[in-house]
Amino acid sequence: MRAALATLAADADHENEDFAAAAPGVAVLLDGAGVAGAETGCSHGVAWFSATLGGLLLSSVTSRPTRPLTDCFADAIDRVRRLHEDTCDLVHRASPTSTVVAVRVGAEAVEYLVLGDSSLLLADKDGAVTAVSDRRLDEVGRQLRGPLDSLPTGTPEHARALAEYRDALTGRRNRPDGFWIAGPDPSAAAHALVGTLPRSALASVTLLSDGATRLVDRFELASWRQALGVIGSSGPEELIRSVRAAEADDPDGRRWPRGKAHDDATVLHWVLA
């Protein structure tokens, strides 16, 4: 098995809040989220949260090969909570959260877990590509972001609308009528999308944060199969470069409305054959 990883922060002055790592038989990717410019209630920050949760999840899945991924995930959330619940306000609305993608490859089966708007591409040996994407956040976002998308990205009016949108979105977090994401409550793990496939059927698995999937699911400049073809032929860095080139052609978000002109982008591509 061969793994290739590329990650790029939104800009040089921005701490990368994505985290990705692989160990024998396991890969994880997390995309940390907070509320820009707001007090979070956590002294550690979003990048610390996603990296700490990611490292503990990788350890849990690796050390307990027969334990369900959802249980490993819940354990990792609980351990992170216990690391900072005595120093941080974890019920604060702006406390750090994170999407999660986890894959465990065994001798016979490939198990996966997806929570939040990061994605997993499953490529079979016949060339078909299946995207596993948790669209609950997108669905809630479409209900709330109308005023935001009508304004040019980067303007003061857009910034105010973005703050209002994020506040409304936070109110729908980890609720049955909203979306689910990793935060301080281990019960969120039970709401992840999970599945198991025969290992013999798969050629590769690819984990992507939403900053890397923009080329497909927001800009509609490529299909999932085409995006995977770029990764397979030229490496994960080339897909991220293509995303950045598209963003540069639309800096104000007029063609493709979005909360941020650029986002952290991470791709972890794992060839199983």
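Mentor: Ala, Val, Leu, Ile, Met, Phe, Trp, Tyr, Cys and Pro count as nonpolar, Asp, Glu, Lys and Arg as charged, and the others, Gly among them, as polar. This is a predicted model, in which local features need pLDDT of at least 70 and side-chain atom pairs count only at pLDDT 80 or more, while totals for chains, interfaces and linings use all residues. Residues are numbered from 1 along each chain as its sequence is written, and side-chain values use heavy atoms, with hydrogens and water left out.

Trainee: How many residues of each class are in the lining of the largest pocket?

Mentor: By those classes the lining holds 19 charged, 13 polar and twelve nonpolar residues. A pocket is an open set of points on a 1 Å grid over the protein atoms alone, where a 1.4 Å probe fits, with protein on both sides within 12 Å along at least five of seven lines, and lining residues have an atom within 4 Å of a point. The largest pocket has a volume of about 1300 Å³, and of its 44 lining residues the closest to the centre are Asp117, Leu137, Asp210, Lys260 and Asp263. Helix H5 gives the largest share of the lining, five residues.

Trainee: Why is Glu220 called exposed?

Mentor: Exposed means over 50% relative accessible area, buried under 20%, and partly exposed in between (1.4 Å probe, protein chains only). Glu220 has a relative accessible area of 68%, so it is exposed, whereas Asn174, at 23%, is partly exposed. Phi of Glu220 is near 55°, a positive value in a residue other than glycine, and phi of Asn174, likewise positive, is near 50°.

Trainee: What makes the buried residues of H3 line one face of the helix?

Mentor: Helices (H or I, at least four residues) and strands (E, at least two) are DSSP runs, numbered from the N terminus. In H3 the residues Leu137, Val140 and Gly141 are buried, and seen down the helix axis the buried residues fall within an arc of 105°, so they line one face. That arc is taken from the directions from the helix axis to the C-beta atoms. The face turned away from the buried side carries the exposed residues Arg142 and Gln143.

Trainee: Why is S4 called mostly covered, and how do you know that S4 and S5 run antiparallel?

Mentor: Nine of the nine residues of S4 are buried. Two strands pair if DSSP finds at least two bridges between them; six bridges join S4 to S5, which run antiparallel, and Val101 has Val114 in S5 as its bridge partner. S4 and S5 form a hairpin with three residues between them.

Terms used:
Points joined across faces, edges and corners; volume = space filled by probe spheres on them.
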